[in-house]
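Let's take a walk through a protein fold, one piece at a time. Keep the picture handy and follow along with your finger if that helps.

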Amino acid sequence: MKIAVAPNPVKKRAPACAQAAAALLEGCGCQVVLVQGLYGQGPAKEAAQRAVAGCHMVLAVGGDGTIIAAAKLAARLDIPVLGVNAGKLGFTAGLESRELELLPRLAAGDYQEERRMMLEITLVSDGQRRAFTALNDGVISAELAKIVEYRMAVGEGQAYNYRADGFIVATPTGSTAYSLSAGGPVVEPNMDCMIYTPICPHSLFNRSVVFAPDTRLTVEIPRNRGSLFLTVDGETPVELLEGDRLCFARRAGAVRFIRLGEHNFYDTLNEKLLEGQ
């Protein structure tokens with residue numbers, strides 16, 4: 001079995017953790033490719049992606065942002081990903097850095113895969129179409145202390161006007177991220193659904209809504225008093241203009257997350273969120 005190990009050098013503990021993981025995997029007969037540059041830009045990132053493409057699975061060593069970036073690449077390649085937490089929260093990790101002794105299970109095939117749905121966010125602006133992939137969420141927000149005005153339609157239904165500080169469309173994986181902080185529900189990550197959560201809505205009755213996975217949410221951006229932005233999975237924001245149209249829908253395929261630890265979703269929820277560990 002050929003395994004890519006991709007640490008994020010920005011995370012202080014990640015390089016040493018990756019070296020220890022590589023040694024354990026090589027000791028049980030796996031071929032290890034230590035990948036550098038996967039989380040950067042330019043030729044180094046392209047070379048890293050090609051290296052991962054030749055492997056059977058990828059270990060992403062870092063925090064949640066690291067794991068999400070590697071997971072979206074793994075989904076395109078249709079290979080599984082194991083997140084090893086070398087950051088703070090590491091909610092998407094399937095293994096903590098203190099649990100590396102479980103890695104030989106990979107060679108034996110003694111692990112579980114959990115499929116997670118993703119979103120495709122399409123932006124049509126000035127006649128140009130751009131598509132983004134979200135494993136966690138897509139967030140519409142404004143400049144500080146500005147209200148966002150938008151029109152949203154569900155499927156082919158009528159569009160309605162909304163006013164809020166912004167809104168979040170999340171996957172079940174992203175339900176425990178920004179959506180939860182904004183008052184959204186906790187959803188098991190292996191479910192298929194789409195969660196819409198307004199941020200500080202200017203209405204007494206505007207609450208989170210959980211939609212069926214094949215729902216399409218279409219959002220029109222009218223004239224606003226300040227700049228609006230789309231942020232996908234915490235990446236670089238994209239400015240939105242008057243007349244832009246956004247569509248949030250399920251993306252074909254899924255992320256194949258590996259879990260080796262004994263903890264289930266509710267154990268993780270309690271340890272990382274409720275108890276603040």
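Start at a turn. In the hairpin made by β10 and β11, 5 residues sit between the strands, and one residue to look for there is G155, which takes a positive phi near 60°. Before going on, keep in mind that what you're looking at is a predicted model.

Now look at the two strands that this hairpin links. Strand β10 covers residues 148–154 and pairs with β11 in the antiparallel sense, over 5 bridges. You can check this by eye with a couple of residue pairs. R151 has N161 of β11 standing opposite, and V148 faces A164, again in β11.

β10 has a partner in β15 too. That strand takes in residues 217–220, runs antiparallel to β10 and is joined to it by 4 bridges. For a landmark here, find A153: its bridge partner in β15 is T218.

Time to zoom out. These strands belong to an open sheet of 6 strands, and if you read across it the order is β8-β7-β18-β15-β10-β11, with antiparallel pairing. What stands at the edges of this sheet? Those places go to β8 (128–134) and β11 (160–164); each has a single partner strand, so one side of each is left without a neighbour in the sheet. The sheet isn't perfectly flat-combed either: neighbouring strands are turned by 25° against each other on average, direction ignored.

There's another open sheet of 6 strands to find. Read across this one and you get β14-β13-β12-β9-β16-β17, with antiparallel pairing. Its edge strands, β14 (209–211) and β17 (238–240), each pair on one side only. Here neighbouring strands are turned by 20° against each other on average, direction ignored.

Inside this second sheet, pick out β9 (residues 137–142) and β12 (residues 166–170), which pair in the antiparallel sense over 5 bridges. A handy spot to look is V139, which stands opposite I168 in β12.

Finally, let's turn to the nonpolar core. Which residues touch the most other members of the largest one? Among its 27 residues, that's L246 and F248. Follow L246 and leave out residues up to four places away in sequence: it touches I121, T122, L123, I140, L217, T218, V219, I221, L230 and L240. You've met one of those contacts already: T218 is the residue in β15 that partners A153. As you trace strands like these, remember a handy rule: in a regular strand the side chains alternate between the two faces of the sheet.

Key
Residues numbered from 1 in each chain as written. Predicted model: local features only at pLDDT ≥ 70, side-chain atom pairs only at ≥ 80, totals over all residues. Heavy atoms only, no water. Pairing = 2+ DSSP bridges. Axes fitted to C-alpha atoms, helices over the stretch in contact; angles between N-to-C directions. Core = buried A, V, L, I, M, F, W, Y, C linked by side-chain atoms within 4.5 Å. Buried < 20%, exposed > 50% of the residue type's maximum accessible area, 1.4 Å probe, protein only. Contact = heavy atoms within 4.5 Å.
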